[in-house]
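The following paragraphs lead through a protein structure for a reader who has not met it before. The sequence and the model are shown first, and the explanation follows.

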Amino acid sequence: MIRLISGIALAGMMTLTVAGTVQAQERTFRRITAGPSAPLGKSMTQSQARRLCQMEMRGTRESRSSIRQKMAICMRKRMEGM
């Protein structure tokens, strides 16, 4: 009888220990994933990339469609960090 009670108590303690560990892991994971994402190398936000590409394209004598295409390529590269 005593073995049965102590076995049940031991199983209950192990269950609580495992549950506590899982909760701690979940809290740690939430802290890690919360907040802004880490920047990728030299990548920029869309507005930063647009400003920089506009400064580079300023004064070019090309058609609007070619400037638009070059802007899209430039922005994509800047946002990817290339």
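**A guided reading of the model**

Both Cys53 and Cys74 are buried. These two residues form a disulfide, with their sulfur atoms 2.1 Å apart. The model in which this link appears is a predicted one, and a search of the whole structure finds one disulfide. In general terms, a disulfide is a covalent bond between the sulfur atoms of two cysteines. The link of Cys53 and Cys74 is left-handed, with -85 degrees about the S-S bond. Cys53 belongs to helix α2 and Cys74 to helix α3, so the pair ties together parts that are 21 residues apart in sequence.

The overall architecture gives this link its setting. The secondary structure of the protein consists of three helices and zero strands, and the order of the elements from the N terminus is α-α-α. Helix α1 covers residues 2-33, whereas α2 spans 46-57 and α3 spans 64-80. Of the 82 residues in the protein, 9% are buried. The accessible surface comes to about 7400 Å², and carbon and sulfur atoms account for 62% of that surface. Among the contacts with a separation of 6 or more, 57% are made by residues 24 or more positions apart.

Where do the buried nonpolar residues gather? The largest nonpolar core has six residues in all, namely Ala49, Cys53, Met57, Met71, Cys74 and Met75. The elements that contribute two or more residues to this core are α2 and α3. Both cysteines of the disulfide are thus members of the core. If residues up to four places away in sequence are set aside, Cys74 touches Cys53, Glu56 and Met57. Two of these neighbours, Cys53 and Met57, are core residues as well.

The remaining neighbour of Cys74, Glu56, leads to the charged pairs. The count of salt bridges comes to two. In one of them, Glu56 pairs with Arg78, and the closest N and O atoms are 2.3 Å apart. Glu56 lies in helix α2 and Arg78 in helix α3, so this pair ties together parts that are 22 residues apart in sequence. The salt bridge of Glu56 and Arg78 therefore joins the helices that the disulfide also ties together. Glu56 has a relative accessible area of 43% and is partly exposed. Arg78 also counts as partly exposed, at 23% relative accessibility. The bridge thus differs in setting from the disulfide, whose two cysteines are both buried.

The other salt bridge is formed by the side chains of Glu62 and Lys70, with an N to O distance of 2.9 Å. Glu62 is partly exposed, since its relative accessible area is 35%. Lys70 likewise counts as partly exposed, at 38%.

The loop between α1 and α2 holds Met44. At 26% relative accessibility, Met44 counts as partly exposed. What does Met44 touch, if residues up to four places away in sequence are not counted? Its contacts are Ala49, Leu52, Arg78 and Met79. Ala49 is one of the core residues, and Arg78 is the salt-bridge partner of Glu56. The C-alpha atoms of Met44 and Glu80 are separated by 7.5 Å, although the two residues are 36 residues apart along the chain. A similar kind of pairing across the sequence concerns Gln48, which is placed in helix α2. The C-alpha atoms of Gln48 and Met79 are separated by 8.6 Å, and these residues are 31 residues apart along the chain. Gln48 counts as partly exposed, at 40% relative accessibility.

The last stop is a part of the surface. Met1, Leu4, Ile5 and Ile8 make a nonpolar surface patch of about 490 Å². One of these residues, Ile8, lies in helix α1. Is Ile8 buried or exposed? At 56% relative accessibility, Ile8 counts as exposed, because the limit for that class is over 50%.

Notes. Residues are numbered from 1 along each chain as its sequence is written. This is a predicted model: local features need pLDDT of at least 70, side-chain atom pairs count only at pLDDT 80 or more; totals for chains, interfaces and linings use all residues. Side-chain values use heavy atoms; hydrogens and water are left out. Helices (H or I, at least four residues) and strands (E, at least two) are DSSP runs, numbered from the N terminus. Buried means under 20% relative accessible area, exposed over 50%, partly exposed in between (1.4 Å probe, protein chains only). Contact means heavy atoms within 4.5 Å. Accessible areas come from the Shrake-Rupley method with a 1.4 Å probe; for residues, only the protein chains shown count as cover. A nonpolar core is a set of buried Ala, Val, Leu, Ile, Met, Phe, Trp, Tyr and Cys residues joined through side-chain atoms within 4.5 Å. Patches are made of residues with over 30% relative accessible area and no salt bridge: like charges are joined within 9 Å, nonpolar side chains (Val, Leu, Ile, Met, Phe, Trp, Tyr) within 5 Å. A salt bridge is a side-chain nitrogen of Lys or Arg within 4 Å of a carboxyl oxygen of Asp or Glu. A disulfide is a pair of cysteine sulfur atoms within 2.5 Å.
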